[in-house]
Amino acid sequence: MSPANPIRRDGLHARLRAATDPAHRALEAGLDWQARVATRAGYRDLLARLHGFHATWEHAIGAQLADEPFLAPRRRLALLAADLDHLGLAPAAVAALPRPGAVRLDGPAAATGALYVLEGSTLGGQLIGRHIAGLHGFGETGLAYYRAHGPRTGAMWAAFRARLEAFGDDSDAEASLTEAAVATFAAMRMWLCGPHDVPAVG
């Protein structure tokens with residue numbers, strides 16, 4: 001048995017989580033979501049930034065994943081548009097929101113790594129959604145993005161992890177997937193937390 005085998009038994013998800021942990025922590029620290037959603041205006045601005053990010057990255061992921069039946073229920077751009085509409089942003093204004101430049105992902109493994117970041121956010125999103133609902137008195141509307149898959153969140157995440165592990169026996173694919181996941185966390189942090197030359201919505 002080679003020394004690498006005990007690590008391999010942890011599975012690709014465990015290795016990916018460890019590899020992306022610094023970038024994930026940096027995003028969480030920079031985002032400070034509780035402060036961002038403390039006001040309705042702040043919440044709307046955060047959703048507007050997320051809309052731009054998803055508009056670019058969902059397109060890039062879809063182009064390289066080439067599996068719309070798998071991706072379609074995981075797309076959240078329309079959910080963000082619905083929340084922004086509830087918060088008073090007209091469809092034309094939503095369509096005109098700023099977004100990052102085009103993203104290049106090199107194949108299905110890289111697309112899966114990027115999707116790992118977006119899909120993983122649905123887990124913590126359940127907690128964030130409940131916090132926002134209590135803070136601003138939202139019922140069924142205004143929280144579509146953070147509620148995401150709702151009661152299906154666990155099953156959807158399990159299905160994604162099964163897809164993820166399919167790359168675990170290919171070291172090149174794993175490297176591509178991991179690199180894309182780290183890059184996606186970094187890009188999200190830059191877009192959501194970095195300085196912007198675009199004024200906040202509202």
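This report walks through a helix pair, some salt bridges and a few individual residues in a predicted model.

**A pair of helices**

Let's start with helix α8, which covers residues 108–136, and helix α10, which covers residues 153–165. Their axes come within 10 Å and cross at roughly 160 degrees. Angles over 145 degrees count as roughly antiparallel, so α8 is roughly antiparallel to α10. The crossing of these two helices is left-handed.

If you would like to find this contact on screen, look on the α8 side for Thr112, Leu115, Tyr116, Glu119, Gly120, Thr122, Leu123 and Gln126. They meet Thr153, Met156, Trp157, Phe160 and Leu164 in α10. By type, the residues of this contact divide into seven nonpolar, five polar and one charged.

**Salt bridges**

A search of the whole structure finds seven salt bridges. Three of them are set out here, each with its N to O distance.

| Acidic residue | Basic residue | N to O distance |
|---|---|---|
| Asp45 | Arg49 | 3.7 Å |
| Glu58 | Arg75 | 4.0 Å |
| Glu119 | Arg74 | 3.4 Å |

The pair Asp45 and Arg49 lies within helix α4, which spans residues 40–65. Because the two residues are four apart in that helix, about one helical turn separates them. Asp45 and Arg49 are both buried.

Glu58 and Arg75 also meet in a salt bridge. This pair links distant parts of the chain, with Glu58 in helix α4 and Arg75 in the loop between α5 (68–71) and α6 (77–86), 17 residues apart. Glu58 has a relative accessibility of 5%, so it counts as buried. Arg75, with a relative accessible area of 30%, is partly exposed.

Glu119, which you met above in the contact of α8 with α10, forms a salt bridge with Arg74. Here too the pair links distant parts of the chain: Glu119 sits in helix α8 and Arg74 in the loop between α5 and α6, 45 residues apart. Both of these residues are buried. As for shared partners, salt bridges join Glu58, Glu68 and Arg75 into one network.

**Thr56 and Ala102**

Helix α4 also holds Thr56. A relative accessible area of 9% makes Thr56 buried. Leaving aside residues up to four places away in sequence, Thr56 touches Arg99, Pro100, Gly101, Ala102 and Val103.

One of those neighbours, Ala102, lies in the loop between α7 (91–95) and α8. Is Ala102 buried or exposed? At 85% relative accessibility, Ala102 counts as exposed. Ala102 can also be placed relative to Trp191: the two are 89 residues apart in sequence, and their C-alpha atoms are 13 Å apart in space.

**Two alanines with positive phi**

Two loop residues round off the tour. Ala66 is not a glycine, yet it has a positive phi of about 55 degrees. You will find Ala66 in the loop between α4 and α5. With a relative accessible area of 65%, Ala66 is exposed.

Ala148 is not a glycine either, and its phi is positive as well, at about 45 degrees. Ala148 belongs to the loop between α9 (144–147) and α10.

Technical notes:
Residues are numbered from 1 along each chain as its sequence is written. This is a predicted model: local features need pLDDT of at least 70, side-chain atom pairs count only at pLDDT 80 or more; totals for chains, interfaces and linings use all residues. Side-chain values use heavy atoms; hydrogens and water are left out. Axes are lines fitted to C-alpha atoms, for helices over the stretch in contact, and angles run from 0 to 180 degrees between N-to-C directions. Angles under 35 degrees count as roughly parallel, over 145 as roughly antiparallel, 65 to 115 as roughly perpendicular and the rest as oblique. A crossing is left-handed if the near helix is turned anticlockwise from the far one by less than a right angle, and right-handed if clockwise. Contact means heavy atoms within 4.5 Å. Ala, Val, Leu, Ile, Met, Phe, Trp, Tyr, Cys and Pro count as nonpolar, Asp, Glu, Lys and Arg as charged, and the others, Gly among them, as polar. Buried means under 20% relative accessible area, exposed over 50%, partly exposed in between (1.4 Å probe, protein chains only). A salt bridge is a side-chain nitrogen of Lys or Arg within 4 Å of a carboxyl oxygen of Asp or Glu.
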